[in-house]
Amino acid sequence: MLQENERQAEQPQKQSLEMFCRYLSFFGLCLFLPTQSRGSLGHVPSSHSSDTTSLPGFENLTVGYNKYLRPYFGGKPVQIAMSLDIASISSISESNMDYTATISLRQRWTDPRLVFHGNKSFTLDARLVELLWVPDTYIVESKRSFLHDVTVGNRLIRLFSNGTILYALRITTTVACNMDLSKYPMDTQTCRLQLESWGYDENDVTFTWLRGNDSVHGMEKLRLSQYTVQRYHTLVSTSQQETGRYPRLILQFELRRNVLYFILETYVPSTLLVMLSWVSFWITLDSVPARTCIGVTTVLSMTTLMIGSRSSLSKTNCFIKAIDVYLGICFSFIFGALVEYAVAHYSSSQKCAAKVPQEGPANELTKEMEEVNITNILNNSITSYKQQISFTSIEISSDNVNCSDLAMKSHEKIKCVLRNKMHRIIGYFTIQNPGNVDHYSKLLFPLFFMLVNVFYWAYYLYF
C-alpha cells in the first residue's frame with residue numbers, strides 16, 4: 001500500500017516535469033528532466049525531438065546532474081567572480097548606524113557539467129535557478145534584505161558554451177555601519193559592503209572580484225543628501241569562524257559629510273547670538289532692563305538651539321560631537337556676558353554707596369569711619385605690642401604695615417605678613433572703576449572668541 005501511494009504521489013511530479021521538458025524542447029533545452037522520464041540518455045521522446053531544432057549535444061547537458069553538489073565536487077574549489085552595480089544609497093542613519101543600498105549582484109562561475117558545443121550563450125528563465133547549483137552568498141552585517149520581484153523576480157541566468165554561468169539578482173539591503181560621530185558634522189565615515197559564503201569554506205569555493213576596483217559601478221554617479229563619496233576600493237579577505245575559514249569580498253567606501261548645511265543651520269545662528277550678547281557692552285550700566293533683557297534672551301535662545309541640534313540625533317547623545325563643543329563654547333560666552341554685567345553693576349552700586357554726600361545723617365557715617373581708622377592705627381602702633389593679635393580679626397584696609405619695624409614676637413610677625421599679603425590679593429580683585437569692565441570686555445570677549453574659533457576649526461578640520 002505504501003509503495004502504491006508513493007507511486008501515485010510521484011506521477012503528478014513526473015507529468016509536470018514532462019510538460020516542462022516539452023516546453024523547453026521547443027528551444028532545444030530539455031536539460032532537467034530526470035533520466036527515467038527520457039526516451040534515451042538525455043533525449044526527449046522521438047515524437048517531439050523530430051519536430052524541434054536543438055544544438056548538438058545540448059540536450060545531454062544534465063545527464064547525471066545533481067544540483068546539491070558543487071562543481072568539481074571532491075576536487076579543486078569553485079572560483080566565484082563577482083561584480084556590483086550600486087543603483088542607489090537611499091538613506092544613511094546616524095541614529096541606527098546603518099545605510100540602505102540597492103545593488104545588482106552578479107556572480108560568475110564555471111560548471112563543467114554544463115559545457116555544450118558552439119560559441120553561443122543562452123539567457124534562461126530565472127525560475128530555472130531552482131534546478132541549478134548556485135553559491136550560498138550572503139551580505140555580512142545585513143539587518144534587512146529583500147529581492148525585487150516587480151514585475152517578476154529580478155534575477156537572471158545566462159549559460160555560456162564553456163560551462164560558465166552568470167547569475168545576477170537585484171537586492172535592497174540595510175547594512176550596519178559603525179560610525180565615529182566625535183567630529184560630527186565635519187566627519188568622514190567609512191562603511192563596508194561585505195559578501196561572504198555562508199556554508200562553503202575556502203576549500204570548496206573562492207571569491208574574487210571580476211576586475212578589481214572596476215568591478216564596482218555606479219559609485220561615481222551617486223548623489224546623496226548629506227554625503228559625498230570620496231573614494232572606494234575593493235578587498236579580498238577571509239573570515240575565520242568556528243567552523244572554518246570562509247572567503248569574503250569587501251567593498252569599502254568613504255563618505256564625507258557636507259558641512260555647509262550645518263554651517264547655515266547651526267553655526268551661523270549660534271555665532272550671531274554670541275555677537276548679540278556683546279551689544280550690552282555698549283549700553284550704560286544704569287540701563288538695567290535693557291542689558292538684562294539682552295542677556296536673558298540670548299541665553300534662552302542659545303539653550304533652544306542646543307536642544308534642537310541634539311534632538312535630531314537623539315540616540316547618539318552618548319557622543320560628545322564637534323557641534324556640541326561649539327554650542328557649548330557659544331553658550332559659555334553668552335553666559336559670561338550676562339555675568340559680566342552682574343559684576344559691573346554690583347561694583348558700580350558699591351562705589352556709589354561709598355560716595356554718599358557729607359550732609360545731614362551722613363555725618364554720623366563719616367564719624368564711624370574715622371573711629372574705625374583710629375582703631376586700626378592704634379592696633380598697628382608700637383605701644384600695642386603687648387596686646388594679643390588674632391589673625392581672625394584682621395580688618396581689610398588698603399594700608400600695609402611694615403612688619404619688620406615692629407617689636408613683635410615671631411608668630412605675630414608671621415600673622416602680620418600674611419595679613420599684608422591678603423590685602424594685596426584682595427586689592428587685585430577690587431574693581432576701582434566699574435566703567436572699565438565694559439571697556440575691557442569690548443576687546444577681550446571678541447578676541448578670545450576669535451582665538452577659540454581658530455583652534456576649534458583647525459582641530460576638527462585638519463586633525
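**Notebook: Thr100, helix α3 and aromatic pairs**

I looked up Thr100 and found that its side chain makes a polar contact with the side chain of Thr174, at 3.1 Å. I note that the model is a predicted one.

Thr100 belongs to strand β2, which covers residues 98-110. I recorded a relative accessibility of 14% for Thr100; the limit for buried is under 20%, so Thr100 counts as buried. Leaving aside residues up to four places away in sequence, Thr100 touches Ser88, Ile89, Ser90, Ser91, Thr172, Thr173 and Thr174.

I turned next to helix α3, residues 260-277. Its 18 residues reach 25 Å from first C-alpha to last, close to the expected 26 Å. I located a kink of about 35 degrees at Tyr267, shortly before the proline Pro269. Tyr267 is also among the buried residues of α3, which include Phe262, Leu273 and Val274.

I then searched the whole structure for aromatic pairs and obtained 21. In one of them, the ring centres of Phe116 and Phe122 are 5.6 Å apart and the planes stand at 55 degrees, so I entered the pair as tilted. Phe116 is buried, at 5% relative accessible area.

For Phe333 and Phe449 I noted centres 5.1 Å apart and planes at 80 degrees, so this pair is edge-to-face. Phe333 lies in helix α5 and Phe449 in helix α8, so the pair ties together parts 116 residues apart in sequence. Phe333 is buried at 14% relative accessibility, and Phe449 is buried at 5%.

Finally, I met Tyr267 again in a cluster linked by ring pairs, together with Tyr326, Tyr456, Trp457, Tyr459, Tyr460 and Phe463.

Notes: Residues numbered from 1 in each chain as written. Predicted model: local features only at pLDDT ≥ 70, side-chain atom pairs only at ≥ 80, totals over all residues. Heavy atoms only, no water. Helix = DSSP H or I, 4+ residues; strand = E, 2+ residues; numbered from the N terminus. Buried < 20%, exposed > 50% of the residue type's maximum accessible area, 1.4 Å probe, protein only. Polar contact = N/O pair within 3.5 Å; in protein donor to acceptor, adjacent residues only side chain to side chain. Contact = heavy atoms within 4.5 Å. Expected span 1.5 Å × (residues − 1). Bend = angle between axes of the 7 residues up to and from the residue. Phe/Tyr/Trp six-rings, centres within 6.5 Å; stacked < 30°, edge-to-face > 60°.
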